[in-house]
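Hi,

Here is the structure I promised to pass on. Have a look at it first, and my notes follow below.

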Amino acid sequence: PEWIESLNTVMDDNKVLTLVSQERIPLTPEMRLILEVSHLKNATPATVSRGGVLFVNDSDVGWKPFFDSWLTKYKKGDDEHAYTIFQLNISQYLGDAQVDDLRSKVHITPVCDMQCIQSMTTIVDQLYHQLHSVKVQYDFLKKLKEEGNGDRIKDIYEAFFIFATMWAYGASLVEDKNAFSNQYRSLVTNPNLKFPEGGQIFDYYYDVLEGIWKHWDSLTPEFNTEYEGLFSNLVVPTAETTRQTFLLNIHVAAKKGMIYVGSAGTGKTTIIKDYFAHLDKESTITASMNFNSYTDSAALQVVLESNVDKRAGRTYGPPPSKTLIYFLDDYNMPYLDKYGTQSPICLIRQIIDYGLVYDRDHLEEKKLLVDVMFAGCMNPKSGSFIIDLRLTRHATVISCLTAERDILKTIYF
């Protein structure tokens, strides 16, 4: 690998970078080189021997410090009920045995512990925010506090935790989805929060006002029989579209990405395009791009920059007070280069991690992107099959499987 060999003269005692043009750039004594990589597949022994290698194992730090720091904001917010319940729930629903068991299950695309815990905390945060911002829910919560009904408030917080955990950890499963659903039912010991019989746990949401789990069918709108648009744009509302719309609303509010993964014909693109069709255009704008094997980072950057405006200085973004959602279809289609990487995927990860792109004509200039987020779909049986875990860990992964009998009945009968 050429770029690895170029590093060898930089990393040895000479500390000189020799370019292809034979230009030599020395490193000053104040400069240090730190490389953070996910693997050493492309490194030669000559490169590895010139630096100290520190291997950070998944379990060395783990996800618990992240969870503990997240939990402290509820303690600082003087919500003792939330702090106490979430602390108890982590050992009940995400104990070491449960997490180890989840690691052994088959996911539709590779996932990691940190990705799941971040998705879980995002969903809990947004449900908590809705409870305190949606008038009907907030008035109900206020009434419970005035009555001193602490047990009912605790049930609401535990239901939030259950809902968030089942989607963060179970939504990306394939064959093991049923087993996960049955196992998770048995973990719920609170008699007030037992799931109804029948179906999977993913078929239910928690109604805060009534204090029970309800089927998503109860929120599904009626089909508009007077629809006069194109047949190809016709979408029949089902329990699946309803719950995915709910999850998308939560993630858009948190500006956290979502990736739908499934075979052809499972409705991945339809779910997102239908969601875009019903978005509030005053607060959200959208842009779409289909990836193919010829898509590279330069082509992607042109599309990304064409949808944002200059705000001030080096800052770019959608119009103020709006969020721009990029929908990227066929995430895993770009061609893999000789190092096994996909340049468009690396560019998206750079934007999510650092919030910037570099000007292609003047590389010393940075462009800061704000108020943008990404949603995408991919088919795990085409292209590169999977994409870099360093990107997918920033998103919640949802597996799209063949529609169940009840959903097909809703559509065709």
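Which residue forms a salt bridge with Asp12, and how far apart are the closest N and O atoms? The partner is Arg50, and the closest N and O atoms are 3.8 Å apart. Keep in mind as you read on that this is a predicted model.

**Salt bridges**

That pair links distant parts of the chain, with the two positions 38 residues apart in numbering. Asp12 sits in the loop between α1 (2-11) and β1 (16-18), while Arg50 belongs to the loop between α2 (45-48) and α3 (58-61). As for exposure, Asp12 has a relative accessible area of 19%, so it falls under the 20% cut-off and counts as buried. Arg50 is partly exposed, because its 34% lies between the 20% and 50% cut-offs.

The count for the model comes to 16 salt bridges. Another one brings together the side chains of Asp207 and Lys214, at 3.3 Å from N to O. Here too a buried residue meets a partly exposed one: Asp207 has a relative accessible area of 14%, and Lys214 has 21%.

Then there is Glu240 with Arg243, whose side chains meet at 2.6 Å, N to O. Both residues are in helix α11 (residues 239-254), three residues apart, which is about one turn of the helix. Glu240 and Arg243 are both buried. Elsewhere, salt bridges that share partners join Asp100, Arg103 and Asp113 into one network.

**Two packed helices**

Next up, α4 (residues 64-76) and α7 (residues 113-133). Their axes are 11 Å apart and the packing angle is about 10°. Angles under 35 degrees count as roughly parallel, so that label applies to α4 and α7.

If you want to look at the contact itself, α4 contributes Phe66, Phe67, Trp70, Lys73 and Tyr74. On the α7 side you will find Met114, Ile117, Gln118, Met120, Thr121, Val124, Asp125 and Tyr128. Sorted by class, the contact has nine nonpolar, two polar and two charged residues.

While you are in α4, check Leu71, which lies in that helix. Leu71 is buried, because its relative accessibility of 3% is under 20%. Leaving aside residues up to four places away in sequence, Leu71 touches Tyr83, Phe86 and Gln87. Leu71 and Gln87 are 16 residues apart in sequence, and their C-alpha atoms are 7.7 Å apart in space.

**A four-stranded sheet**

Last stop: an open sheet made of four strands, in the order β7-β8-β11-β10, with mixed pairing. Its edge strands are β7 (309-312) and β10 (356-358), each of which pairs on one side only. From one strand to the next, the twist averages 40°.

At the β10 edge, the partner is β11 (residues 366-369), and the two strands pair in the antiparallel sense over three bridges. A handy place to start looking is Leu356, which stands opposite Leu368 in β11. Helix α14 (residues 343-354) lies across both β10 and β11, and runs at about 130° to β10.

Over to you!

Notes:
Residues are numbered from 1 along each chain as its sequence is written. This is a predicted model: local features need pLDDT of at least 70, side-chain atom pairs count only at pLDDT 80 or more; totals for chains, interfaces and linings use all residues. Side-chain values use heavy atoms; hydrogens and water are left out. Two strands pair if DSSP finds at least two bridges between them. Axes are lines fitted to C-alpha atoms, for helices over the stretch in contact, and angles run from 0 to 180 degrees between N-to-C directions. Contact means heavy atoms within 4.5 Å. A salt bridge is a side-chain nitrogen of Lys or Arg within 4 Å of a carboxyl oxygen of Asp or Glu. Buried means under 20% relative accessible area, exposed over 50%, partly exposed in between (1.4 Å probe, protein chains only). Angles under 35 degrees count as roughly parallel, over 145 as roughly antiparallel, 65 to 115 as roughly perpendicular and the rest as oblique. Ala, Val, Leu, Ile, Met, Phe, Trp, Tyr, Cys and Pro count as nonpolar, Asp, Glu, Lys and Arg as charged, and the others, Gly among them, as polar.
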